[in-house]
Amino acid sequence: MYKHVKRGLWNHLMKNGIEMGLASIIYEVGVASKYVNHAMRTGDLGLAGTSNLYGEDQLALDVLADEIIKDRLDHTGRVRRIISEEQSEIIIFDRARRSGGYAVCYDPLDGSSLVDVNLSVGTIVAIYAGQDPLQDGCRQVGAMYVLYGPRTTLVYCAAGTGVHEFTLNSLGEFVLTRENIRIRPSGKIFSPGGLRSDYLPEHENLVRHLEKSGYKLRYSGGFVPDINQILLKGGGLFMYPATTRAPSGKLRLPFELNPMAYLVTAAGGAATNGRQAILDLECHDLDQRSPIYIGSREEVELAEKILNQQ
Ligand code: AFP
């Protein structure tokens, strides 16, 4: 067997003993990402003329990426319901069996406004057992992201069997490039989202402390590339805080925070809203947002300490 097939995504899922339905979801998101990748490099970058549930203008790419992923998830026959950041309500798949199966919650193209300036963007996916895609993050049975950058990479964790990275090769195969990824307990970069003029005092104190301690600022405006850098390059801390204008922060709990918290925590890191683990937050609304401090365990603990100083 050729090397790229031996180290391919499906073989890895089977070697890891991932249940066939869960494995097919992860594999089919990988298939979908190849079409999303192609659309991004060749397709229409304009507005779709529609808006999402947050009232934000949708790009043609947002709508197309959403359709591609939705179709591949339906194709598995094992997904019962989905919610997408680009859809305003839960979608029920008739094809799936009425028992067992999975529910999927995804952001088809996070950071899509960066595509027209050729910055990296990503697909983020959370997977739950059963039919309810709006569950607390701690109930995920798997999560993954695809990062569309200079290379297209796919990172997944399923059933607690480690965090693994695959890279799309010239044959269109996702080949294993990093296995059992562990995030460093402490790092040297920080990614401070939000406007500084809107920071609350305790968050300003944390950012000043990181700057004085020599942490390097790395922030692209894309959640997936910014998290990927912290996960793979040496650890550190990504933050998108509560601000005076957005007391719950900007990033969405179901579509962005829960899956990334699952992956980073599985790699030995941590994710909190400043007081409570993201995975323990009650997830009850499609448009639920939360402040986020995510990355190396020591930096997350430092953030909680400074944010809660009396
Ligand atoms: P868009 O999807 O609207 O481009 O926003 C991307 C994002 O949700 C996330 O990917 C980034 O981490 C964050 O917003 C960046 O927000 P700011 O532009 O406010 O820094």
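Which residues does isoleucine 278 touch, not counting residues up to four places away in sequence? In this predicted model, local features need pLDDT of at least 70, side-chain atom pairs count only at pLDDT 80 or more, and totals for chains, interfaces and linings use all residues. Residues are numbered from 1 along each chain as its sequence is written, and side-chain values use heavy atoms, with hydrogens and water left out.

With contact defined as heavy atoms within 4.5 Å, the neighbours of isoleucine 278 are Leu253, Leu257, Asn258, Ala261, Ala271, Thr272, Asn273, Ser290, Pro291 and Ile292.

Ile278 is also among the residues with the most contacts inside the largest nonpolar core, which has 41 residues. Such a core is a set of buried (under 20% relative accessible area, 1.4 Å probe, protein chains only) Ala, Val, Leu, Ile, Met, Phe, Trp, Tyr and Cys residues joined through side-chain atoms within 4.5 Å. Elements giving two or more residues to this core, as DSSP runs (helices H or I, at least four residues; strands E, at least two) numbered from the N terminus, include those tabulated below.

| Element | Residues |
|---|---|
| β6 | 121-129 |
| β7 | 140-148 |
| β8 | 152-158 |
| β13 | 236-240 |
| α7 | 253-266 |
| β15 | 292-295 |

The largest share of this core, eight residues, comes from α7. Apart from this core lies another, of 40 residues, among them Leu13, Val121, Val125 and Met144.

Aspartate 226 is found in helix α6, residues 223-233. Its contacts, not counting residues up to four places away in sequence, are Ser191, Tyr219, Ser220, Gly221 and Phe238. A polar atom of the aspartate 226 side chain lies 3.4 Å from the backbone nitrogen of glycine 221.

Note on methods:
Polar contact = N/O pair within 3.5 Å; in protein donor to acceptor, adjacent residues only side chain to side chain. Buried < 20%, exposed > 50% of the residue type's maximum accessible area, 1.4 Å probe, protein only.
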